[in-house]
Each structure stands twice: as C-alpha cells, then as structure tokens.
Amino acid sequence: MMYLLGTDIGTSGTKTILMDVAGNLIAQDLQEYGVLTPKPLWAEQWADVWLEASKNSIKNTIKKANIDVNQIKGIAISGLYGGSGIPLDKEMQQVRPCMIWMDRRADKETEWVKQHIDLAKLQRITFNGVDPYYGYTKMLWLKNNEPENWGKTALFLPPNSYVIYKLTNEIAIDYSSAGNIGGIFDMNQRVWSEEMMAELGIPLDKMPQKIVESTDIVGYLTAEIADELGLPVDLPVIAGGIDCGAASIGLGIFEPNIFSATVGTSMCCALISEKPAQNQDLIIWPYLYDAKRLNYYFAGANTAGAIIKWFKETLCQWEEEFAKAHQRNVYDVLNEQAKDIPAGSQGLLVLPYFMGERSPIWDSHAKGTIVGLSLTHTKAHLFRAFMEAVAYSFRQAMEATGDYQGEHIIIAGGATKSKLWRQIFADVTGYPVLCPRNDAEANLGDVILAGVGTGVLTFSDVKKWQVFDEKVMPNPQAHEIYNQYYELYKSIYQNLKTDMAKLSTLV
C-alpha cells in the first residue's frame, strides 16, 4: 500500500496526517502553540515555532503509523495566511516575528495607500483592495516603523514556503500564497506586478521569483532532514498553499460555483469562480486547483470559534468543572443548555468583532458587542447568541460573493461538531447545510495535493473520499425570524461604527 502525508501549519497548532491512497486515515499528530500579541490588535509568530511544530508532528505521525516509510510517496504542506510573510535576511535567518493574518497594526499604511495610490487601478490589477489584513500593507508598516529590520530583509516567505525551504533547500511560492498578499500580485497575468510594486515602494527582489502550482513538486527532502524525520531521502515535497483553500480541496471542490466555509478559530467563506470579478469587499486569489483559471472569492471573519472559546474560558468555569467531573465535553454541556432557547435568543444580538474584522466590512476598529441584555437572559441565551453571531457573519460573507444560485452550502471545521450550530447556520442562511462525516480540514487537501503532485492519485480518484452527513434543512419559521435579526445585526454595526472608532482612540 502507498501512503501520503499532509501537514497544515495553523494559527494555534500544526497538524500532520498520514493516509493511504484508498483514503483511509492511518495516523495523525497535532503540535499546539500560541500567538504573540505584544500590543492591542498585533498578532505575530516566530517561524522557528512553525518549523519545529511541523517537524515534530511529522515525526510523531510516522512513529504512530508503524508502516514501511519507503511506501510514503510524498508530502504537501499548507499554512495559515502569513500576512507579510516571514522576513528573512541574506542567510535565510528570521529578522523578526511574522505579522500574521489577524494583525491589524498597519492602519496608517492603509490610509497612505488610499491617499497616494489609484485604488481603481490597484483593484483592476490585483483584484483586491487595501486593508491592514493584506500582506503588502504589513510590509509597508515594517518599512516605515522598523527601517533597520526592513533593510535586513532580503526575502519574504509565507509559512508553508518557509518550512518547505527548510526541508528541501528550495525557494518557491504557490499561486494562492502570492495572490493573498494583495497589492503587488497581478491576478490577470498571475505574476508579481512590477508596476504596483514600484508605486508602493516594495522591491521585486524581496519576493520569491519562482511561483508554482499547489500540486507542483518544489523539491525533495535533504538527507539530513530525512534522517531527522525518519523519512526516505528525496521524498517529494509538494507546494500546497493557503490552508482555507486546502480545506476546500479536502471538501472535494474542483468545480466553480460551490459556496463553502471552514469555521474554526476564524471563519473562511469562499466561492470558487472562473469569472475575473473584482469586488473590494472580498479577498480574491488563485485557487489551489487549476490556479491559472479558477479564483477563490474569499470573505474572512477574524473571530468565529475564537469567540466561543473566549466565552467558555471567560464565563464558564462552573460548566468546565461540571464537564470534567462527569467526563463530558464542556461544549456539549453548553450546547445542551442552549438548544431550547428560541431563534434570536429572545432579543439578544452579538457582533462578533473581537479582533476587528476583515472581509466584507474591513474595519480594524470594529468591536465585540452584546445588544439587548435584560435580567431575563441567562448564560444559555448568551451562548446561543454567540453562535448566531457567527452565522450572521457567515450570511453577510455569502451575500458579498453575489447572488448565490447553489442548492446547498458546505460547512466544515470545528463548528460542525455541534448539531445545534449546524441548524443555526441552516436557519440563518435559509440553505440546506452539508457537513463532511469525517474531518475535511486542510490536511486532507494536502494529502490530495501530494497524491496528484506525485502522480499516485487523480482528482477523480478522491471525489469518492468525501462522504457527507445528512443535509440539515432550514426551518422556514426560524428563517423568517432570523431575517429580521440579521437586518438588525447589520444596522447595529452601521449605527455604532463611528463610536467604535472613537473608542479605539481611548485604548
């Protein structure tokens, strides 16, 4: 039997899985870590943390598998959106921590771009707009605020490309990672935009010159790394790409016009499209499958599962102790408490902007907000309202992609473990919800990319791997109620937007 490895470098941990070419999971390992937040709205990580976690997760997966490693045919590596990318010096050493996707520090640089760059041209060339989210504004922040580090920086590499370099000594960037930097990538030609780089003051030579498909073999394990990991020398390493795109591959999405989302710590909602549409409310980059033809239209919420975790850790000490005493999952306890609360949580609305917000509202100053509290509300009402907030955010992202004509939506990630949350997503959107029976995260997409890249699999082979649970149908009555709450959800943000910005100046 032949095997494939898939490694995904995430925001809170790196996970590796080993599967056989029949689609069976053989072994897996997760290495967890944290995010550095030295100031409000800053978020950064050291690249060596990602590298060590990647190597340890691979080694542990191999140990658990107890197989003939010579039958492993390849590994693909995906990663979180690394924002600016890792700033590396001429010796390929880290200059400073990498400013990741959730970092919002580049407000002044965003305003400078708005005032000095033709935004219509920027949109026409890159398909993207301007916001602290984008890697190019983070690069400008580094240039303006840490000129010594900017001068030391010879190359920016995204997390997966950096780990691949450390495994193979080869430097490349995949199309999805290049496009997601925004501002400096020509989406029409699928090359770096020398015109925009010149206007922004970002040198072309600071970017990887080799841009590859996500199924391309970038290089092969060096003898030293192969020995360290317990893998064969010259094992092919496949490019992979942005993790949310890899998750869509894992869901079996190889055709345009399917709306899907991965709801984990953050939320990634996407429509795959052939159309070269330009919508500054969305993030647009080449898809990991057929990257020169297909576009990934992406709306990303900064906090989804993160606010549920915050709720649990901040307000649910009793529930955690109860769950531990009864050998239960604390989230199951909270779901049980909230399941009989009616749609709308009896007049509660939560804005889930606990870390500013990305697409489609693009507001660094947006704040987490609870509206409608009364003495009749309980913790269960609040918990349900938090879940509903993420579903409202999902619907807003869905609407930003246009008039969706699909028959259903596909949702994967940790949120789907909750039957209540699945139903809330269906009721808020009005669409049937399909969820994969087994985890269909980025790792599965990595395995597929590794298989296709090495020629041991085709995309047709893996379509049958994805088995979905029974559709969750929307409740028409609940949908009508949620329609009213959703309109309030949008208007409350608009009414508070100015005050949220003023509040930011006080912090």
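This section describes the domains, nonpolar core, salt bridges and selected local contacts of a predicted model.

The chain is divided into two domains, each built from two segments of sequence. Domain 1 covers residues 3-251 and 441-465. Domain 2 covers residues 301-435 and 475-505. The C-alpha centres of domain 1 and domain 2 lie 29 Å apart. Their contact takes 12 residues from domain 1 and 11 residues from domain 2.

The largest nonpolar core has 180 residues. Those with the most contacts inside this core are Tyr-136, Ile-184, Trp-192, Phe-394 and Phe-425. Helix H14, residues 379-400, supplies the largest share, with 13 residues. Both domain 1 and domain 2 give residues to the core, so the core lies between them. In soluble globular proteins, nonpolar side chains tend to be buried together.

Trp-192 illustrates the packing around one of these core residues. Residues up to four places away in sequence are set aside here. On the N-terminal side, Trp-192 touches Ile-173, Ala-178, Ile-181, Ile-184, Phe-185 and Asp-186. On the C-terminal side, Trp-192 touches Met-197, Leu-204, Met-207, Pro-208 and Ile-211. Ile-184 thus appears in the contact list of Trp-192, and Ile-184 is itself among the residues with the most contacts inside the core.

Phe-425 belongs to helix H15, which spans residues 419-429. This helix is mostly covered, with 9 of its 11 residues buried. The buried set includes Leu-420, Trp-421, Ile-424, Phe-425, Ala-426 and Val-428. Arg-422, Asp-427 and Thr-429 of H15 are buried as well. Gly-430 follows H15 and has a positive phi, near 80 degrees.

A search of the whole structure finds 24 salt bridges. One of them joins Lys-114 to Glu-111, with the closest N and O atoms 3.6 Å apart. Both residues lie in helix H2, residues 107-116. Lys-114 and Glu-111 are 3 residues apart, and are therefore separated by about one helical turn. An α-helix has 3.6 residues a turn, so residues three or four places apart point the same way. Lys-114 is partly exposed, at 42% relative accessible area. Glu-111 is also partly exposed, at 38%.

A second salt bridge links the side chains of Glu-195 and Lys-121, at 3.0 Å from N to O. Glu-195 lies in helix H8 (residues 194-200) and Lys-121 in helix H3 (residues 119-126), so the pair ties together parts that are 74 residues apart in sequence. Glu-195 is partly exposed, at 43% relative accessibility. Lys-121, in contrast, has a relative accessible area of 15% and counts as buried because the cut-off is under 20%.

Arg-437 and Asp-469 form another salt bridge, with the closest N and O atoms 3.1 Å apart. Here both partners sit in loops. Arg-437 lies between strand E22 (433-434) and helix H16 (442-454). Asp-469 lies between helix H17 (459-462) and helix H18 (476-506). The pair therefore ties together parts that are 32 residues apart in sequence. Asp-469 is partly exposed, with a relative accessible area of 21%. Elsewhere, salt bridges that share partners join Glu-44, Arg-96, Asp-103, Arg-105 and Glu-146 into one network.

Helix packing is illustrated by H11 (residues 305-315) and H12 (residues 317-325). Their axes are 6 Å apart and meet at an angle of about 90 degrees. H11 is thus roughly perpendicular to H12. From H11, the contact uses Lys-312, Glu-313, Thr-314 and Leu-315. From H12, the contact uses Gln-317, Glu-319 and Glu-320.

Two further residues show contrasting settings. Thr-61 is found in helix H1, residues 47-65. Thr-61 is buried, with a relative accessible area of 0%. Beyond its neighbours within four places in sequence, Thr-61 is in contact with Leu-5, Thr-16, Ile-17, Leu-18, Ala-27, Gln-28 and Asp-29. The C-alpha atoms of Thr-61 and Leu-488 are separated by 48 Å, and the two residues are 427 residues apart along the chain.

Val-233 is found in the loop between helix H9 (223-229) and strand E14 (236-238). Val-233 is partly exposed, with a relative accessible area of 49%. Leaving aside neighbours within four places, Val-233 is in contact with Leu-221, Ala-223 and Ala-226. Asn-70 is 163 residues from Val-233 along the chain, yet their C-alpha atoms are separated by 9.4 Å.

Technical notes: Residues are numbered from 1 along each chain as its sequence is written. This is a predicted model: local features need pLDDT of at least 70, side-chain atom pairs count only at pLDDT 80 or more; totals for chains, interfaces and linings use all residues. Side-chain values use heavy atoms; hydrogens and water are left out. A nonpolar core is a set of buried Ala, Val, Leu, Ile, Met, Phe, Trp, Tyr and Cys residues joined through side-chain atoms within 4.5 Å. Buried means under 20% relative accessible area, exposed over 50%, partly exposed in between (1.4 Å probe, protein chains only). Helices (H or I, at least four residues) and strands (E, at least two) are DSSP runs, numbered from the N terminus. Domain bounds come from an automatic or database domain assignment. Contact means heavy atoms within 4.5 Å. A salt bridge is a side-chain nitrogen of Lys or Arg within 4 Å of a carboxyl oxygen of Asp or Glu. Axes are lines fitted to C-alpha atoms, for helices over the stretch in contact, and angles run from 0 to 180 degrees between N-to-C directions. Angles under 35 degrees count as roughly parallel, over 145 as roughly antiparallel, 65 to 115 as roughly perpendicular and the rest as oblique.
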